[in-house]
Amino acid sequence: MKIAFFDTKDYDRNTFLKYDGMSGLEFKFFETRLCEDTVGLADGYDAVCAFVNDDINSQVIEKLRSFGIKLIAMRCAGYNNVDLSAAYGKIRIVRVPAYSPYAVAEHAMAMLLCSVRRIHKAYNRTKDFNFSLNGLTGFDFHGKTVGVIGTGKIGRIFIEICKGFGMKILAFDKYPSEIDGVEYVDTDRLFAESDIISLHCPLTEETTHIIDKKSIAKMKKGVVIVNTSRGALIDSEDLLNGIKERNIGAACLDVYEEESDFFFEDFSGHIVNDDTLARLITMPNVIVTSHQAFLTEEALSNIARTTVENILDFFEKNELPNEVCFRCKNSAG
Ligand code: NAI
């Protein structure tokens with residue numbers, strides 16, 4: 001079984017290589033992303049392995065099908081970049097539903113602490129032997145209210161971490177459940193009462209731009225927004241305006257609406273032509289990481305293991321517990 005991997009980096013190759021040659025698997029790692037221009041590279045392979053910023057639209061799916069490919073193995077949890085309706089009945093899609101929810105929840109808290117306690121500023125200052133404290137005042141987490149949107153695997157772990165800080169937890173989820181010490185509220189109340197808002201829901205039609213000028217207008221002045229889920233949950237222009245108008249106190253962004261143009265690549269020698277991203281990065285109260293929340297040794301190793309299991313399950317004609325499809329129960333699409 002020849003598998004074409006797209007959008008690969010050294011850390012992908014390093015974790016997947018140990019499975020290369022096992023159980024008849026043969027891997028080819030392409031650095032390029034999968035899109036209409038690059039789909040031709042998949043000709044001659046039996047399956048494709050793709051990642052968060054590959055563009056698996058209906059044309060790409062049609063081409064893959066014409067090459068005889070019957071499986072796309074996503075080596076990630078999210079699949080908003082796959083046209084599930086176009087794939088239905090033609091190509092099966094599997095994913096890694098959970099590889100380390102701890103990795104993402106801990107990164108959300110790392111960004112939050114860094115931002116609120118101005119660690120990013122202090123780090124640069126002390127590197128330059130500047131030991132002044134002016135402008136580094138943060139606030140205690142203890143007693144503050146955190147609003148969590150999406151209380152699935154990652155949201156719940158983030159909630160447990162917040163509880164450790166003695167925070168009050170409000171939550172909103174389309175399918176609320178019982179979580180000790182958590183009050184489910186509607187978004188209006190969550191926006192109005194939260195000092196910190198952290199996004200842990202998937203990107204769907206309903207959640208696209210869940211943070212925009214209308215919701216920002218309902219929030220507390222000085223609110224801190226954390227997004228480790230998907231960039232388009234936030235209208236970036238509206239976020240920027242909220243920061244300029246001093247309504248948003250800080251933003252911690254591991255994802256960005258137009259991240260596929262930039263994230264995972266080195267643009268340090270280039271002029272970045274996305275003015276919104278450039279302006280956000282210049283803000284002293286914005287921290288951007290490059291879709292890094294998943295990047296722990298444990299997560300990478302779990303991603304590789306589950307992806308290989310998914311691929312073998314398909315070729316051995318077993319059930320596909322990690323399948324997502326237009327009509328599957330476990331899919332939002
Ligand atoms: P999950 O499926 O366990 O939880 C998602 C939760 O969102 C569920 O409780 C669901 O009911 C809720 N939800 C669905 N639609 C909603 C809506 N319209 N409004 C409010 N809540 C809604 O997913 P998990 O594993 O917790 O992941 C959450 C998100 O984190 C993923 O969708 C993915 O986009 C993102 N992610 C980011 C990573 C990174 O490296 N930055 C890595 C892994 C996931």
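This section describes the ligand site, a helix and three individual residues of a predicted model. Residues are numbered from 1 along each chain as its sequence is written, and side-chain values rest on heavy atoms, with hydrogens and water left out. Local features require pLDDT of at least 70 and side-chain atom pairs count only at pLDDT 80 or more, whereas totals for chains, interfaces and linings use all residues.

The ligand is surrounded by 23 residues, a residue being counted as near if one of its heavy atoms lies within 4 Å of the molecule. Those that come nearest are Lys 153, Ile 154, Asp 173, Thr 228 and Asp 254. The shell divides into nine nonpolar, eight polar and six charged residues; in this division Ala, Val, Leu, Ile, Met, Phe, Trp, Tyr, Cys and Pro count as nonpolar, Asp, Glu, Lys and Arg as charged, and the others, Gly among them, as polar. Polar contacts are pairs of N or O atoms within 3.5 Å; within protein, one atom must be able to donate a hydrogen and the other to accept it, and residues adjacent in sequence count only if both atoms are side-chain atoms. A polar backbone atom of Ile 154 is placed 2.8 Å from an oxygen atom of the ligand. Nitrogen atoms of the ligand are approached by a backbone N or O atom of Thr 228 at 2.9 Å and by one of Lys 174 at 3.4 Å. On its own the ligand has 860 Å² of accessible area, of which the protein covers 86% (Shrake-Rupley method, 1.4 Å probe; for residues, only the protein chains shown count as cover).

Asp 254, one of the residues that come nearest to the ligand, lies in the loop between β11 and α10. Helices (H or I, at least four residues) and strands (E, at least two) are DSSP runs numbered from the N terminus. Asp 254 is buried at 0% relative accessibility, where buried denotes under 20% relative accessible area, exposed over 50%, and partly exposed the range in between (1.4 Å probe, protein chains only). A polar atom of the Asp 254 side chain lies 2.7 Å from the backbone nitrogen of Gln 292. These two residues are 38 apart in sequence, with a C-alpha to C-alpha distance of 6.5 Å. Beyond four places in sequence, the contacts of Asp 254 include His 107, Thr 228, Glu 259 and Phe 263, contact meaning heavy atoms within 4.5 Å.

Helix α10 spans residues 275-282, and its buried residues are Thr 276, Leu 277 and Leu 280. Viewed down the axis of α10, these buried residues fall within an arc of 95° and therefore line one face of the helix; the arc is that of the directions from the helix axis to the C-beta atoms. The buried residues of α10 pack against α9 (236-244), β11 (248-253) and β12 (286-288), while Asp 275 and Thr 282 are exposed on the other side. At the start of α10, the backbone nitrogen of Thr 276 has a side-chain oxygen of Asp 274 within 3.1 Å.

Two further residues are buried. Ser 215, in helix α8 (residues 213-218), has a relative accessible area of 4%. The Ser 215 side chain reaches the backbone oxygen of Ile 210 at 2.9 Å. Phe 27 belongs to strand β2 (residues 26-29) and is buried, with a relative accessible area of 10%. Apart from residues up to four places away in sequence, Phe 27 touches Ile 3, Phe 5, Phe 16, Tyr 19, Asp 20 and Val 308.
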